[in-house]
Amino acid sequence: MKEEISKVMTMVQEGKLDVEKATELLHVMKDNKESSIHVDTSSGYHKRMLKVKVESTDKDNINVNVPINLVKAVLKAGHGIAANIPQAAMYVKDIDIELLIHAIENEVDGQIVDVSSANGDKVSVVIE
């Protein structure tokens with residue numbers, strides 16, 4: 001937590017954050033640290049992965065596998081922090097984090113996103 005506080009203070013010194021936003025950010029960080037993340041190991045869902053696959057026509061393919069519990073933790077902590085950083089706020093303002101967390105808590109499984117572009121690029125997001 002000390003490292004995060006130091007980063008926020010540096011951002012204030014550099015003029016990237018004003019004192020009010022820094023205070024809000026520190027409160028969010030404190031609240032997120034105090035909240036515990038419950039891992040239900042009874043169903044085996046905690047062993048699932050969020051898999052993001054990008055197939056590019058230029059062969060710049062990407063595969064990312066993230067444990068579902070890490071996704072849940074990052075969603076809970078990261079959205080509040082990102083919403084309080086002016087440069088990041090515009091990217092997260094329309095994301096319904098509660099809906100995503102609700103889906104994970106209700107053990108949603110399978111295809112979540114399937115997008116194909118006009119030039120043949122494909123993006124898929126799956127929980128399995």
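**Notebook: a strand, a patch and some salt bridges**

I started with Val123, which lies in strand β4. I kept in mind that this is a predicted model.

**Entry on Val123.** Is Val123 buried or exposed? Neither word fits: I found a relative accessibility of 30%, and Val123 counts as partly exposed.

**Entry on the patch.** Next I looked up which residues join Val123 in a nonpolar patch on the surface. Its partners are Val108, Ile112, Val113 and Val115, and the patch covers about 320 Å². Which element gives the largest share of this patch? I noted β3, with 3 residues.

**Entry on salt bridges.** Then I turned to charged side chains. How many salt bridges does a search of the whole structure find? The search gave 3, and I went through them one by one.

**Asp109 and Arg48.** The side chains of Asp109 and Arg48 meet in a salt bridge, with 3.4 Å from N to O. Why does this pair tie together parts that are 61 residues apart in sequence? I checked where the two residues sit: Asp109 is in the loop between α5 (97-105) and β3 (110-116), while Arg48 is in the loop between α2 (19-34) and β1 (49-55), so the pair ties those parts together. I also looked up how open each residue is. Asp109 is partly exposed, at a relative accessible area of 43%. Arg48 is partly exposed too, and its value is 30%.

**Lys51 and Glu128.** Lys51 forms a salt bridge with Glu128, and their closest N and O atoms are 3.3 Å apart. This pair links distant parts of the chain: I found Lys51 in strand β1 and Glu128 in the segment after β4 (122-127), 77 residues apart. For Lys51 I wrote down a relative accessible area of 29%, which is partly exposed. Glu128 counts as partly exposed as well, with a relative accessibility of 44%.

**Glu55 and Lys53.** Which residue forms a salt bridge with Glu55? It is Lys53, and I noted 3.3 Å between the closest N and O atoms. Glu55 has a relative accessibility of 33% and counts as partly exposed. Lys53 is partly exposed, with a relative accessible area of 38%.

**Last look back.** My page now holds a nonpolar patch made by Val108, Ile112, Val113, Val115 and Val123. It also holds the 3 salt bridges from the search of the whole structure. If you want one pair to find for yourself, try Lys51 and Glu128, which are 77 residues apart.

Definitions and conventions:
Residues numbered from 1 in each chain as written. Predicted model: local features only at pLDDT ≥ 70, side-chain atom pairs only at ≥ 80, totals over all residues. Heavy atoms only, no water. Salt bridge = Lys/Arg side-chain N within 4 Å of Asp/Glu carboxyl O. Helix = DSSP H or I, 4+ residues; strand = E, 2+ residues; numbered from the N terminus. Buried < 20%, exposed > 50% of the residue type's maximum accessible area, 1.4 Å probe, protein only. Patch = residues over 30% accessible without salt bridge, like charges linked within 9 Å, V, L, I, M, F, W, Y side chains within 5 Å. Areas by Shrake-Rupley, 256 points an atom, 1.4 Å probe, with all protein chains shown as cover.
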